[in-house]
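This report examines how the strands of one protein chain are paired and how its nonpolar core is made up. The sequence and structure are shown below.

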Amino acid sequence: MRGNKGFTLIEMIIALGVFVILMTSIAGVFLVVQRSQRTSLVKERLQTDARYILDTMVGDIRTGAPDYSVAPSPTTLNVKDEDGARILYQRATVGCPVGSASCILRQEGLVTAPITSAGVAVDAFTVIISPSVPAGMKQPMVTLFLTLSSNEGLPNPVKLSIQTSASSRVYGP
């Protein structure tokens, strides 16, 4: 017999089968890692947006005071800044950036602008002011609850709920 060099058909089929199984597993792991990375990026973006929204509101609360001349609402925040100008924050579905079903609008005087970025939706915005009416020299405390979501390129939306409290540095009415 001659010396057999090379592979038999059976050996080639087995090697090909092992290769296909291995590549399918690697592709599956790659897709899971890629989806996880996209989810992490969306969460990071939501956290950045939430931080910006709350920092903007808290800055106005600390340098101003809740506006008690406007009837309190659990879905809007009315603040008077240090110059007495009124600032209104509210959740809206009109006037939002492209790709956002809802947003937070900041209105100061005649200027209204969204403070959320495109692709981020505000699912919930709640405000609790304590005391709910002016109480002499009691320092007003404002608690803000915010729920944001985004599904940029993901099958399921990513949600982020956050809350913070801030007190005005202005005492009295």
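## The β4–β5 hairpin

In this predicted model, leucine 105 lies opposite proline 114 of β5. Strand β4, residues 103–108, runs antiparallel to strand β5, residues 111–114, and four bridges join them. Together β4 and β5 make a hairpin with two residues between them. Glycine 109, in the turn, has a positive phi of about 65°.

## The open sheet

The hairpin strands belong to an open sheet of five strands, ordered β1-β2-β3-β4-β5, with antiparallel pairing. β1 (65–66) and β5 are at the edges with a single partner strand each, so one side of each has no neighbour in the sheet.

Elsewhere in the sheet, β2 and β3 run antiparallel and are joined by five bridges. Leucine 77 has tyrosine 89, in β3, as its bridge partner.

## The nonpolar core

The largest nonpolar core contains 26 residues. Leu77, Ile104, Phe125, Leu144 and Leu146 have the most contacts inside it. Two or more residues each are contributed by α1 (9–63), β2 (76–80), β3 (86–92), β6 (121–130), β7 (141–150) and β8 (158–167). The largest share, eight residues, is supplied by α1. In soluble globular proteins, nonpolar side chains tend to be buried together.

## Surroundings of isoleucine 104

Which residues are in contact with isoleucine 104, leaving aside its neighbours within four places in sequence? They include Ile53, Met57, Tyr89, Ala113, Pro114 and Val122. Phe125 and Leu146 are also among the contacts of isoleucine 104, and both are listed with Ile104 among the core residues that have the most contacts.

Key. Residues are numbered from 1 along each chain as its sequence is written. This is a predicted model: local features need pLDDT of at least 70, side-chain atom pairs count only at pLDDT 80 or more; totals for chains, interfaces and linings use all residues. Side-chain values use heavy atoms; hydrogens and water are left out. Two strands pair if DSSP finds at least two bridges between them. A nonpolar core is a set of buried Ala, Val, Leu, Ile, Met, Phe, Trp, Tyr and Cys residues joined through side-chain atoms within 4.5 Å. Buried means under 20% relative accessible area, exposed over 50%, partly exposed in between (1.4 Å probe, protein chains only). Contact means heavy atoms within 4.5 Å.
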